[in-house]
Amino acid sequence: MCGITGWVDWEVDLRNCGSIIDKMTDSMTNRGPDAKGIWLSTQAALGHRRLVVVDPIGGGQPMIRKWGNTTYVLVYNGELYNTVELRHKLMAKGHRFDSHSDTEVLLTSYIEWGASCVYHLNGIFAFAIWNEEEQRLFLARDRLGVKPLFYSKSGSSGFLFASEIKALLQHPEVTPQIDEVGLAEIFALGPMRTPGIGVFRGISELKPGYSLDYDRKGIRTTQYWKLHSEIHQDDEKTTIHHVRDLFKDTVERQLISDVPVCTLLSGGLDSSAITAFAAHELKRTGQETMDTYSVDYLDNDQYFQPNQFQPNSDAPWAKLVSEALKTQHHVVTIDTPQLVDALKMAVFARDLPGMADVDGSLYLFAKEIKKKATVALSGECADEIFGGYPWFHREHSLNADTFPWSRNFKERSSFLSQELISKIQPEIYIKERYLEALKEVPRLPGENPHDARIREMFYLNITRWMPTLLDRKDRMSMAASLEIRVPFCDHRLVEYAWNIPWKIKCLDGREKGILRTALQGVLPDKVLTRRKSPYPKTHHPAYLAATREWMLEILHDSDSPLHPFINVSKLREFALSDVSNIDMPWFGQLMNVPQLFAYFAQVHFWLKEYKVQIV
């Protein structure tokens, strides 16, 4: 994977602005530690940081190609999984290739098909192509939003884009400001973000499944992909076989790499399925034994207490699957001081406060994996497309008139200052964003009310919850220069699963029942029947003590930029009380009291370190 950035300006000669694009590019060195490239012309400047995964020699960027009288320049972050098929199609149309890189195939696809090239791509991507003769910039982001892409206007004549917000903030005309909308995103929605909103004022996010054109006429965005609802034509048996075959093909495609590949293995259904097909394919092609990795926390075995969201720990399950598949398994163990320290690094990686230690632990995990591998496959997003979360199966969650992960917002909002509540009206803001999402749902005429509500729930998860996890996965892994791929985000699988009726999706009354059935004979029976257990977190009381202490330090700091936004006295009273037995996730399933303290601490750190201005 890589980091991309660029600047187009109609009034400034950018050949004289190399130092600015240089700083923007270098701010993303972790995304691409292996190489750097800059391309400058009068009206356009492009920057690229490269993490070498495929074709070390032939995949350098910015990549420049001349076709007829037109010069095209590409910067690209991502991976195409249908490179071979695309290359054959393009060669049949008269194109020739100098490398085996997907970068050259992508650029040639644009030369051949223009903006319609996105319909031909299977992969994860965010890219920009500059047409020098037509003075036009084209941007595109993959269908599910696995790879990030932000943009901003610069003055009256400029346009900027980058993989990460930090690169945009390196430009002298972009300042770290937030207004009421940004405050509502931070304090009302929490780690979840609204698609298209970059939180900082003047910075937008290109939505998943969208492309953007920029020329002297201005900015035009186009949605090239969305979900379509239609009657599922396959019977149960055919559906089971198609899910299995499609998923197997997806995993095998995503093993393409010229550097070592591994999988993240928790011993749960999703990661085990990926590992099984990956290990089999490596064995079939005579490659080395598959390396697998799981994460744990020091002394967690002493303090782990099962609950409705985390019924068991991962360690014995990962061991069981590793032994069954004969992988080389590695356990990365994180200690509490490391985890607390990583809260700050996680803010820098995301450029925003995020999922607290759920972010930080992934960053530490990725750092260890990177010592041996450069590419990893991970099981995110199976729950969103097959219905794995508890809120798909509980009436009170289905009937809640809000995002299912925000049901406890009222409790959290009591810690906000009255001034902030008056300014952003958080409950109204959440409601508006929720109704906005529901309006987008592609309805299926004649669907019964229960199944229609389930369809809404799937849409909320795919378009609002899943991006939160994909943002986390991209930023934390790329901060460690590790590329993580997510096979369950293959758009073919997502499109097919979208229209599978709920009665088939939850076969045998189980969450992800269709997936469990499709994997019979692939995984040990015990794994097929294991209850869902989310990404592990620490249960060590030292973590609660550390986050509470940090929170109290902030509360005693009268200069803290957090104070205007919180009810200082109430939060202090809560922090000083006995909170050790409170079990009430305030966001999602995992973020409980320690994560509440950690999130507010991250907001304090972010406001201070990024010198955020409130406007």
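The chain comprises 24 helices and 19 strands in a model that is predicted. Its C-alpha trace extends over about 70 × 60 × 50 Å along the principal axes. For 615 residues, a compact globule would be expected to have a radius of gyration near 25 Å, and the value of 24 Å computed for the chain therefore agrees with that expectation. Of the 615 residues, 64% are buried. Among contacts with a separation of 6 or more, 73% are made by residues 24 or more positions apart. The exposed surface of the chain amounts to about 23200 Å², of which carbon and sulfur atoms contribute 49%.

In soluble globular proteins, nonpolar side chains tend to be buried together. The largest nonpolar core in the model contains 193 residues, and the members touching the most others are Phe127, Phe187, Phe200, Phe488, Phe600 and Trp606. Helix 17 (residues 449-479) is the greatest contributor to this core, supplying 13 residues. A separate core of 21 residues lies apart from it and includes Val73, Leu149, Tyr151 and Tyr210. Within the largest core, the surroundings of Phe600 may be described individually. When residues up to four places away in sequence are not counted, Phe600 touches Phe187, Phe415, Leu416, Met551, Leu562, Ile566 and Leu571.

Helix 16 (residues 426-440) was examined with respect to geometry and burial. At 1.5 Å a residue, its 15 residues should span 21 Å; the end C-alpha atoms are 22 Å apart, so the two values agree. The buried residues of helix 16 are Pro426, Tyr429, Ile430, Arg433, Tyr434, Ala437 and Leu438. Their cover includes helix 5 (180-187), helix 14 (409-413), helix 15 (418-424) and helix 17.

Strand 5 (residues 70-80) is mostly covered, with 11 of its 11 residues buried. In a regular strand the side chains alternate between the two faces of the sheet. In strand 5, Thr70, Tyr72, Leu74, Tyr76, Gly78 and Leu80 point one way, while Thr71, Val73, Val75, Asn77 and Glu79 point the other way, and all are buried. Of these, Val73 also belongs to the core of 21 residues.

Strand 5 pairs with two strands, described in turn. Strand 4 (residues 63-67) runs antiparallel to strand 5 and is joined to it by five bridges, with Trp67 having Thr70 as its bridge partner. Two residues lie between the strands in this hairpin, where Gly68 adopts a positive phi near 65 degrees. Strand 6 (residues 123-131) is likewise antiparallel to strand 5, through nine bridges, and Gly123 of strand 6 stands opposite Leu80.

Methods
Residues are numbered from 1 along each chain as its sequence is written. This is a predicted model: local features need pLDDT of at least 70, side-chain atom pairs count only at pLDDT 80 or more; totals for chains, interfaces and linings use all residues. Side-chain values use heavy atoms; hydrogens and water are left out. A nonpolar core is a set of buried Ala, Val, Leu, Ile, Met, Phe, Trp, Tyr and Cys residues joined through side-chain atoms within 4.5 Å. Buried means under 20% relative accessible area, exposed over 50%, partly exposed in between (1.4 Å probe, protein chains only). Helices (H or I, at least four residues) and strands (E, at least two) are DSSP runs, numbered from the N terminus. Contact means heavy atoms within 4.5 Å. The expected span of a helix is 1.5 Å times one less than its number of residues. Two strands pair if DSSP finds at least two bridges between them. The radius of gyration is taken over C-alpha atoms; the globule rule is 2.2 Å times the number of residues to the power 0.38. Accessible areas come from the Shrake-Rupley method with a 1.4 Å probe; for residues, only the protein chains shown count as cover.
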